[in-house]
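Thanks for sharing this one with me. Please have a look at it first, and then read my notes alongside.

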Amino acid sequence: MSSNITANWSYPTSVKLGRGRIKELADACKSLGIRKPLLVTDRGLASMAITKNALDILEDAGLGRAIFADVDPNPNEKNLEAGVRAFKDGGHDGVVAFGGGSGLDLGKCVAFMAGQTRPVWDFEDIGDWWTRASLEGIAPIVAVPTTAGTGSEVGRASVITNSETHVKKIIFHPKFLPGVVISDPELTVGMPKIITAGTGMDAFAHCLEAYSSPFYHPMSAGIALEGMRLVKEFLPRAYREGTDLEARANMMAAAAMGAVAFQKGLGAIHALSHPIGAVYNTHHGMTNAVVMPAVLRFNRAAIEEKIGRAAAYLSISGGFDGFYDYVLKLRSDLGVPETLTAMGIAPDRIDELSAMAIEDPSAGGNPVAMTLENTKALFRDCF
């Protein structure tokens with residue numbers, strides 16, 4: 001496969017993958033009927049060249065030049081309220097969600113909440129709460145990922161942190177799914193190594209947990225398996241050589257695949273890393289990578305045979321043990337801290353974190369049922 005990977009997919013939405021395709025941003029907006037988009041991104045990206053270029057493209061096409069970047073690394077409801085205000089005050093009719101997970105999640109949520117009168121917490125991913133939403137006034141979304149990790153560009157949810165309780169809530173609605181995604185690997189070339197590693201391990205965690213989840217969803221399982229193979233082949237390359245566009249494009253595909261696959265469920269990796277991230281503000285993907293070996297040990301009895309099949313597909317010999325050793329080596333090659341202690345976290349809040357973990361929506365997809373007691377033991381194993 002050459003480095004000039006290019007493709008048009010409409011699974012699960014319209015995805016335009018390939019280098020230089022950011023040039024199609026204005027056309028993507030127009031195809032969704034957007035005439036006055038608000039570009040939503042995070043503070044770190046606001047002044048970067050890739051963001052200015054995107055704004056230039058919109059402005060040159062007569063779509064105005066508007067940006068909202070008051071977004072925290074873990075976006076919260078205050079950022080959301082400010083974003084919706086900017087959207088309404090500016091008379092906007094669509095959102096370009098631009099960035100990593102935080103910019104994408106907040107942008108999607110701004111477009112959704114522009115049409116709502118109820119508070120955002122009324123749309124948490126519980127039962128059929130999403131049916132409470134008013135469909136009128138939800139704005140169309142074009143998503144432009146600048147990392148290869150969360151896969152939020154193809155997701156039907158956003159993670160919003162409650163600024164008072166520090167709990168991350170998953171806000172869900174089918175209309176969160178962007179109408180068009182532009183995945184241009186050139187936008188990810190500037191990622192620092194630590195972010196390439198953290199976001200890449202996030203994609204791997206999504207695939208691994210979806211594949212391991214006990215729920216029946218063979219389509220997701222197949223996507224998860226191939227997503228893991230792409231990470232195995234291309235993440236070390238993207239990490240070593242940031243300008244390797246073939247590796248960057250394949251990692252963008254793997255990230256999107258992880259997010260499609262986890263409709264099948266997530267598990268203890270995410271159930272642990274969500275509270276850690278909410279309490280200590282750690283990088284989500286890197287936290288996933290730190291707790292991954294302990295969770296594999298925790299789940300071994302339930303997933304040994306399944307992981308053996310995955311190992312064979314990934315050309316890893318030695319079944320479960322071979323796969324486990326591969327994960328340890330991948331982590332060390334990418335400079336991932338070995339334990340939560342090495343990440344700078346003290347084990348003094350295990351009780352609190354464990355209580356949050358078993359309440360996390362991801363916990364229900366773990367192959368071994370998570371209880372307060374076994375989750376405390378699992379947390380202790382991560383230090």
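Below are some numbered points on helix packing, loops and backbone.

1. A word on the basis. The model is predicted, so local features need pLDDT of at least 70 and side-chain atom pairs count only at pLDDT 80 or more, while totals for chains, interfaces and linings use all residues. Residues are numbered from 1 along each chain as its sequence is written, and side-chain values use heavy atoms, with hydrogens and water left out.

2. Let me start with the pair α4 (residues 77-89) and α5 (residues 101-113), whose axes come within 9 Å and cross at roughly 60 degrees. Helices here are DSSP runs of H or I with at least four residues, strands are runs of E with at least two, and both are numbered from the N terminus. Axes are lines fitted to C-alpha atoms, for helices over the stretch in contact, and angles run from 0 to 180 degrees between N-to-C directions. α4 and α5 are therefore oblique to each other; angles under 35 degrees count as roughly parallel, over 145 as roughly antiparallel, 65 to 115 as roughly perpendicular and the rest as oblique. The crossing of α4 and α5 is right-handed, meaning that the near helix is turned clockwise from the far one by less than a right angle (anticlockwise would be left-handed).

3. Who makes the contact between α4 and α5? From α4 come Asn79, Leu80, Gly83, Val84 and Phe87, and from α5 come Leu106, Cys109, Val110 and Met113. Contact means heavy atoms within 4.5 Å. In the contact of α4 with α5, seven residues are nonpolar, two are polar and none is charged. For these classes, Ala, Val, Leu, Ile, Met, Phe, Trp, Tyr, Cys and Pro count as nonpolar, Asp, Glu, Lys and Arg as charged, and the others, Gly among them, as polar.

4. Next, please look at α9 (268-280), which meets α6 (residues 193-212): the axes of α6 and α9 come within 9 Å and cross at roughly 135 degrees. α6 and α9 are therefore oblique to each other. On the α6 side are Asp202, Ala205, His206, Leu208 and Glu209, which meet Ala268, Ile269 and His270 in α9. This contact of α6 with α9 has four nonpolar, two polar and two charged residues.

5. α9 has a second partner in α13: their axes come within 12 Å and cross at roughly 75 degrees, and α9 and α13 are therefore roughly perpendicular to each other. Ala268, Leu272 and Ile276 of α9 make the contact with Thr375, Leu378 and Phe379 of α13. Five of the residues in the contact of α9 with α13 are nonpolar, one is polar and none is charged. Ala268 thus appears in the contact with α6 and in the one with α13.

6. Which side of α12 (residues 350-359) faces inward? Ile350, Leu353, Ser354, Met356 and Ala357 are buried, and because they cover an arc of only 165 degrees around the axis, they lie on the same side of α12. The arc is that of the directions from the helix axis to the C-beta atoms. Asp351 and Glu359, on the other side of α12, are exposed. Buried means under 20% relative accessible area, exposed over 50% and partly exposed in between, with a 1.4 Å probe and protein chains only. The buried residues of α12 pack against α9 and α13 (372-381).

7. The loop between α5 and β6 (141-145) holds Asp122, which is buried at a relative accessible area of 19%. Beyond its neighbours within four places in sequence, Asp122 is in contact with Trp129 and Arg132. Ala133 is found in the loop between α5 and β6 too, and is buried with a relative accessible area of 13%. Ala133 touches Phe112, Gln116, Phe123 and His173, not counting residues up to four places away in sequence. From Ala133 to Gln116, the C-alpha atoms are 6.6 Å apart in space, with the residues 17 apart in sequence.

8. Finally, two backbone spots deserve a look. Most residues other than glycine have a negative phi. Asn281, however, has a positive phi of about 60 degrees; this residue is in the loop between α9 and α10 (284-313) and is exposed, with a relative accessible area of 54%. Ser315 likewise has a positive phi of about 60 degrees; this residue is in the loop between α10 and α11 (319-333) and is exposed at 64% relative accessible area.
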